[in-house]
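This report describes a single protein chain. It begins with one charged side chain and then moves to salt bridges, the nonpolar core, the surface and the overall dimensions.

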Amino acid sequence: MLEYRVYGGPGCGKTTYLSKQIEAAVDKYGQRVLICSFSNTAANELVTRGLPLHNKRIGTLHSFCRRAIGGGQEIAETTDILDEWNDKHGMTGRGKWHVPRSSYLNKGGGAPRSEVLIWHQFNILRNKMTPFEDWPRDVKLFTEAWTPWKKENDLLDFTDLIETVYTEGVGCPFPVAVLFADETQDYSALEMSVVRYWGQMAEYFVLAGDDQQALYDFRGASAEVLLTPELPDAQVKILEQSYRLPSKILDYAMDYGDTMDRYQPKDIKPVREGGEVMRLSKRLKDPAVVTTATAEADRGQTAMILASC
């Protein structure tokens, strides 16, 4: 079993490079190739590439874990089921046992954010694989109610899908000679442990990502799991030509990424010199934002508008 890593900076054609590696693996091993990603968006992007691989072998890590453990149990984080829990237990501990639906957080309904911190801590600690004895007392008390409640109702939560595979040693849902994992900068220690566990069953496996674009530390993810352990140079591929970003925008992005404590050094070349980064002290709905972008388009330039949410 060999681990390989592919680091691709912004606009460096990581998906294109991966697609070529996947095609080569399929040529050699047939359909014994598995591609797992962090998000549905990345999985769907690979599906649209027309790879010579059955679509059922391209998906998210969570979807493959659910298939591996049988997939018969309901997921706890659904509206009706969470309403049942919250009606019965939500106000326990001064409301801190409330489990949020995504709509609660996105639309301002349901429990205040301060009252769902235990739920988030609960999942972060599991994803970081923090020993239970080191958990805060409030989170332990919540766990001691949530876990038997799931069992009584034959439920799994999303983290259970990953945790069950790892703790019970459940194998990959398909015969696999080569495993590709994309977006691995956003994997948690728990999720990466499953990927590496399944990778041991393959001839080799490939971890692809950009450690300087890690976004999901709020859910317990860390680019550190992609960087560790160190590998021989022969097992590391760094894509260092951006096909999207001109020099000023690339420099801005890389300067931000260089603020990380630890990362894989990269010497990325821009697609061309020039470009511009503008900071607008406007709301996204302000017409000036669109007017500025339109003016750039009229000059034959491409423009991207970035906002915090």
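In this predicted model, Lys150 has a relative accessibility of 5% and therefore counts as buried, the cut-off being under 20%. Its salt-bridge partner is Asp157, and the closest N and O atoms of the pair are 2.9 Å apart. Asp157 is likewise classed as buried, because its relative accessibility is 0%. The pair belongs to a wider arrangement: salt bridges with shared partners connect Arg126, Lys150, Asp157, Asp160 and Glu163 in one network. In general, side chains of opposite charge can pair when their charged atoms come close.

**Salt bridges**

The count of salt bridges in the model comes to 13. Three of the pairs are listed below, including the one already described.

| Pair | Closest N and O atoms |
|---|---|
| Arg5 and Glu3 | 2.8 Å |
| Arg49 and Glu45 | 2.8 Å |
| Asp157 and Lys150 | 2.9 Å |

The surroundings of these pairs can be described from the accessibility of their members. Arg5 and Glu3 are both buried. In the pair formed by Arg49 and Glu45, Arg49 is partly exposed because its relative accessibility is 33%, which lies between the 20% and 50% limits. Glu45 also has a relative accessibility of 33% and so counts as partly exposed.

**Nonpolar core**

Which residues touch the most other members of the largest nonpolar core? They are Cys36, Leu61, Cys65, Leu179, Tyr187, Val195 and Trp198, in a core of 31 residues. Two or more residues each come from the helices α3 (61–68), α8 (158–168), α9 (189–199) and α10 (224–227), and from the strands β2 (33–37), β6 (178–181) and β7 (204–209). The greatest contribution is that of α9, which supplies 5 residues.

Helix α9 is also mostly covered, with 9 of its 11 residues buried. The buried set consists of Leu190, Glu191, Met192, Ser193, Val194, Val195, Arg196, Trp198 and Gly199. Val195 and Trp198 thus appear both in this buried set and among the core residues that touch the most other members.

**Surface features**

Asp251, Asp255, Asp258 and Glu273 form a negative surface patch. Asp251 is located in helix α11, which covers residues 247–257. With a relative accessible area of 46%, Asp251 is partly exposed, because this value lies between the 20% and 50% limits. The value also satisfies the requirement of over 30% for patch members.

Pro136 is situated in the loop that links α6 (117–127) and α7 (137–152). The relative accessibility of Pro136 is 33%, so this residue counts as partly exposed. Between the C-alpha atoms of Pro136 and Lys266 the separation is 39 Å, while the two residues are 130 residues apart along the chain.

**Overall dimensions**

The protein chain contains 12 helices and 8 strands. Its C-alpha trace spans about 60 × 55 × 35 Å along the principal axes. Of its 309 residues, 44% count as buried.

Note on methods: Residues are numbered from 1 along each chain as its sequence is written. This is a predicted model: local features need pLDDT of at least 70, side-chain atom pairs count only at pLDDT 80 or more; totals for chains, interfaces and linings use all residues. Side-chain values use heavy atoms; hydrogens and water are left out. Patches are made of residues with over 30% relative accessible area and no salt bridge: like charges are joined within 9 Å, nonpolar side chains (Val, Leu, Ile, Met, Phe, Trp, Tyr) within 5 Å. Accessible areas come from the Shrake-Rupley method with a 1.4 Å probe; for residues, only the protein chains shown count as cover. A salt bridge is a side-chain nitrogen of Lys or Arg within 4 Å of a carboxyl oxygen of Asp or Glu. Lys and Arg count as positive and Asp and Glu as negative; His and the chain ends are not counted. The place of a charge is taken as NZ of Lys, CZ of Arg, CG of Asp or CD of Glu. Helices (H or I, at least four residues) and strands (E, at least two) are DSSP runs, numbered from the N terminus. Buried means under 20% relative accessible area, exposed over 50%, partly exposed in between (1.4 Å probe, protein chains only). A nonpolar core is a set of buried Ala, Val, Leu, Ile, Met, Phe, Trp, Tyr and Cys residues joined through side-chain atoms within 4.5 Å.
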